[in-house]
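Please open the model in your viewer and keep a selection panel at hand. The stops below say what to select next and what is found there.

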Amino acid sequence: MTTSEPPPLTVVQPGGGRVGQLGDIGVHFKLWGEDTGGALAIVEHPFPVGALVAPHLHTREDEYSIVIEGEIGFRSGDREAVLGPGGYITKPRGELHAMWNAGAVPARMIEIITPAGFEHFFREVAELIAAGPAAAGQGGDLAERYGLKFGEPEWLPEIVERFKLTT
């Protein structure tokens, strides 16, 4: 009889994991691709009041979000939803999407990224921001390296005005 070692067990206690800033929103790293055999990564994003994640699309991964505090608005393609705690939404690759704090209190969501890998984009952005103004301009090819594209859709100004967002 051959015994094999069980797969590694990753434990992240409540409030645990590496933390960083991505501009208006934060990132709390929970599970890295290295923890899941590359299948997925999980991060949490706190959204202060007025925060907006600019419209963008992913070319390599899908995202699944679960709102756990406050209200977060989502626009993906021509569909829009505002979700409170317990709300789930899919954001498929190749579709322009944006997210924002849609309420008057801080909000937070869990983001599941599949396949894993994009969590390293968040890590690199957080490291550049933490490095301060001296590092400005060093991430010029970052979005391209991670297959991320930004857009300026015609619907954005109306959402910014309606939810009083900072841009």
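**First stop: a pair between two helices**

Start by selecting Glu 124, which is buried, with a relative accessible area of 17%, where buried stands for under 20% relative accessible area, exposed for over 50% and partly exposed for values in between, computed with a 1.4 Å probe on protein chains only. This is a predicted model, in which local features need pLDDT of at least 70 and side-chain atom pairs count only at pLDDT 80 or more, while totals for chains, interfaces and linings use all residues. Residues are numbered from 1 along each chain as its sequence is written, and side-chain values use heavy atoms, with hydrogens and water left out.

Now add Arg 145, whose side chain meets that of Glu 124 in a salt bridge at 2.9 Å, N to O; the term requires a side-chain nitrogen of Lys or Arg within 4 Å of a carboxyl oxygen of Asp or Glu. Because Arg 145 belongs to helix H2 (residues 142-145) and Glu 124 to helix H1 (residues 119-131), the pair ties together parts that are 21 residues apart in sequence. Helices (H or I, at least four residues) and strands (E, at least two) are DSSP runs, numbered from the N terminus. Arg 145 itself is partly exposed, at a relative accessible area of 41%.

**Second stop: further salt bridges**

By the same rule the model holds 13 salt bridges. For another of them, select Glu 95 and Arg 79, whose side chains meet at 2.3 Å, N to O. Glu 95 sits in the loop between strand S8 (88-91) and strand S9 (97-101), and Arg 79 in strand S7 (residues 79-83), so this pair ties together parts 16 residues apart in sequence. Arg 79 is partly exposed, with a relative accessible area of 47%.

Next, move to Arg 162 and Glu 158, where the closest N and O atoms of the salt bridge are 2.7 Å apart. Both lie in helix H3 (residues 156-163), 4 residues apart, and are thus separated by about one helical turn. Arg 162 is partly exposed at 38% relative accessible area, and Glu 158 is also partly exposed, at 42%. Extend the selection to Arg 75 and Glu 80, since salt bridges that share partners join Arg 75, Glu 80, Glu 158 and Arg 162 into one network.

**Third stop: the nonpolar cores**

Which residues have the most contacts inside the largest nonpolar core? They are Phe 47, Ile 72, Phe 74, Phe 121 and Phe 122, in a core of 28 residues, a nonpolar core being a set of buried Ala, Val, Leu, Ile, Met, Phe, Trp, Tyr and Cys residues joined through side-chain atoms within 4.5 Å. Among the elements that each supply at least two residues of this core are strand S2 (26-31), strand S10 (107-114) and H2, while H1 gives the most, with 4 residues. A second, separate core of 10 residues includes Ala 98, Leu 156, Phe 163 and Leu 165.

**Last stop: Leu 148**

Finish on Leu 148, in strand S11 (residues 148-150), which is buried with a relative accessible area of 7%. Leaving aside residues up to four places away in sequence, Leu 148 touches His 56, Leu 57, His 58, Phe 118, Phe 121 and Ala 143, contact meaning heavy atoms within 4.5 Å. Of these partners, His 58 is 90 residues from Leu 148 in sequence and 5.0 Å from it in space, C-alpha to C-alpha.
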